[in-house]
Amino acid sequence: MSLHLPQPAQPMQLPSLSDLLGAAQPGLLTACRRRTGLLTRIERVHGGNVSHVFRIRGEHTSVILKIRTDRFARMPLSTDPSLIDDERRTLEVYGGIEPSAFPQVLGFHAEAHAMILADVFPDGRSYHEHLAERPATADEMSRLGGTLRRVHHATRDTDTTFRSHSDQWFREHSFIFCLRAPGHDLLTQASEELAALPRQQLVLGDLAPKNLSLAAGTVAFCDLDNAHRGWPLFDVAYFLAHLLIHHLGQDGHIRTLVLALLTAYFDAEPPERLSPSHELLMAKIVAGVALYRLDQTVPYPLPGPATLTDRFRDRVLHLLGTGTFTVQDLVRAAGDPTQAAI
């Protein structure tokens, strides 16, 4: 396999809904109307980099219209638009296991590479949008940790195949963005360790705040484009990296949030304990995903002033240079605004 590390993405002009759908647009909007009633508004959903996503609002409810083309939506990279069918099959698997937490597939148009989904965000906003306005709460982290543990537990023996490519190919393709892009030997080693783990199971693969809702006391996940068979703690570490980035300098609060998330996940029945090697692997994933976001390998709006993000990046690189560190070391690096070095 020959994969090339992506360069930081540049802003791109986005096509309109009619540009994307062409002759398929009237039929797809008619299918949406059967669910929503009379259409009142069509708005682009921002955040995703691969597919074009629109919220179709009507007099009764709203639905999501997701379209994939031969180019990434916000990155100058080519892709196979038929891979949207992989995500459709993935949603059917997860929806059968935890129907309240994943969007139901309401319609699929193979020729247009488009999918109509139930809108599972109660307030029409992602968790990323909420975090742009306020900090996370311990209750939200407890709900997320408990739900994620339940989903992982329910899918641990699922052997359904939904990927056009092998899971090994997909893991490599995914890791090249979030672990190998920084070019650090320890992170390359982490991706090799992940691929070599003897027991693999379904993981969400892209548990970022933009793909999540915690509104109205619920937990809902979307965008399963990166779901694959891997290590379940990859999902925990992936989200944890984002949690740190969104709360830089908030020392006491960030410790409370991380404790709530990890307690809800690890102390659920049956409780899980990590070996020292797995603890280090989890810490390396958190570090790698943090650098992936901070370096803007793909578009991601960074919260807070550049002085905080730059300082955290330097501290993460310092920890990687030590070769051995923990998640709690990363929590301290993110939370303490006065710490000059670690």
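These exercises, each with a worked solution, treat the sheet, the nonpolar cores and the aromatic rings of the structure above.

The structure is a predicted model, in which local features need pLDDT of at least 70 and side-chain atom pairs count only at pLDDT 80 or more, while totals for chains, interfaces and linings use all residues. Residues are numbered from 1 along each chain as its sequence is written, and side-chain values use heavy atoms, with hydrogens and water left out.

**Exercise 1. Determine the strand order of the open sheet and find which strands stand at its edges.**

Step one is to pair the strands, which are DSSP runs of E of at least two residues, as helices are runs of H or I of at least four, both numbered from the N terminus; two strands pair if DSSP finds at least two bridges between them. The resulting order of the five strands is β1-β2-β3-β5-β4, with antiparallel pairing. The edges are β1 (39–44) and β4 (105–109), because each has a single partner strand and one side of each is therefore left without a neighbour in the sheet. As a check on one pair, β3 (residues 62–67) and β5 (residues 114–118) run antiparallel and are joined by five bridges, and Lys66 has Met115 in β5 as its bridge partner.

**Exercise 2. Identify the strands that helix α2 touches.**

With contact taken as heavy atoms within 4.5 Å, helix α2 (residues 25–36) packs on the sheet and touches β1, β2 (52–58), β3, β4 and β5. For its direction, axes are lines fitted to C-alpha atoms, for helices over the stretch in contact, and angles run from 0 to 180 degrees between N-to-C directions; on this basis α2 makes about 155 degrees with β3.

**Exercise 3. Locate Phe312 within the largest nonpolar core.**

A nonpolar core is a set of buried Ala, Val, Leu, Ile, Met, Phe, Trp, Tyr and Cys residues joined through side-chain atoms within 4.5 Å. The largest has 84 residues, and Phe312 is one of the four that touch the most other members, with Met141, Phe221 and Leu244. Leaving aside residues up to four places away in sequence, the contacts of Phe312 include Leu244, Ile245 and Leu330.

**Exercise 4. Describe the pairing of Tyr265 with Phe266 and the burial of Tyr265.**

Rings of Phe, Tyr and Trp (its six-membered ring) pair if their centres lie within 6.5 Å, with planes under 30 degrees apart counted as stacked, over 60 as edge-to-face and the rest as tilted. Tyr265 and Phe266, at 5.1 Å centre to centre and 75 degrees between the planes, are edge-to-face. Tyr265, with a relative accessible area of 2%, is buried, since buried means under 20%, exposed over 50% and partly exposed in between (1.4 Å probe, protein chains only).
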